Amino acid sequence: MNSIIPDLVLQDNTNQRLPCIVIVDGSTSMAGRPIKKLNEGLQILEEQLKADDIASLRVQLLLLRIGGHNDVEILTDWTDAIDFSAPLVEANGTTPLGEGVKVALKKLVELKKRYK
């Protein structure tokens, strides 16, 4: 018999949820000023989400990085905005945007199942 393990995060925070997937370009073309600006933007995203009382409890973030050798990396798996810490993104590799979108859609389907 399969036992269902309750999702404690969803039990502790019963607010309506808003999934938000951010795909960031960490390819070589982002080296220098662009990657610096990207990282600054992620810091601002963290600050603004945490400063908003409603967003901090409702928004759930998934942060994906595309780059490397046709890689898609999960930098932040689904987390409530209040617990989000902006990662530091480094620039290298190609820009597999299509793969990033495929992973994002797959993760969204998984989250919807978890919500049910």
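In what order do the elements of the protein run from the N terminus on? Colour the predicted model by secondary structure and follow the chain from that end, and the elements appear as α-β-α-α-β-β-α, a set of four helices and three strands. With the whole protein of 116 residues still in view, keep in mind that 34% of them are buried, and that, among contacts between residues at least 6 apart in sequence, 73% join residues at least 24 apart.

Next, select residues 97-115, which form helix α4. Its 19 residues reach 27 Å from the first C-alpha to the last, close to the 27 Å expected at 1.5 Å a residue. Show the side chains of Gly100, Ala104, Lys107 and Leu111, which are buried; they cover an arc of only 70° around the axis, and therefore lie on the same side of α4. An α-helix has 3.6 residues a turn, so residues three or four places apart point the same way. Turn to the other side of α4, where Lys102, Leu105, Lys106, Lys112 and Lys113 are exposed.

What do the buried residues of α4 pack against? Add strands β1, β2 (59-67) and β3 (71-80) to the selection, since these are the elements against which those residues pack.

Finally, select Cys20, which lies in strand β1 (residues 18-25) and is partly exposed, with a relative accessible area of 29%. Leaving aside residues up to four places away in sequence, Cys20 touches Val59, Gln60, Leu61, Leu62 and Trp78. Add Leu108 as well: although Cys20 and Leu108 are 88 residues apart along the chain, their C-alpha atoms are separated by 9.1 Å.

How values were computed. Residues are numbered from 1 along each chain as its sequence is written. This is a predicted model: local features need pLDDT of at least 70, side-chain atom pairs count only at pLDDT 80 or more; totals for chains, interfaces and linings use all residues. Side-chain values use heavy atoms; hydrogens and water are left out. Helices (H or I, at least four residues) and strands (E, at least two) are DSSP runs, numbered from the N terminus. Buried means under 20% relative accessible area, exposed over 50%, partly exposed in between (1.4 Å probe, protein chains only). Contact means heavy atoms within 4.5 Å. The expected span of a helix is 1.5 Å times one less than its number of residues. The arc is that of the directions from the helix axis to the C-beta atoms.
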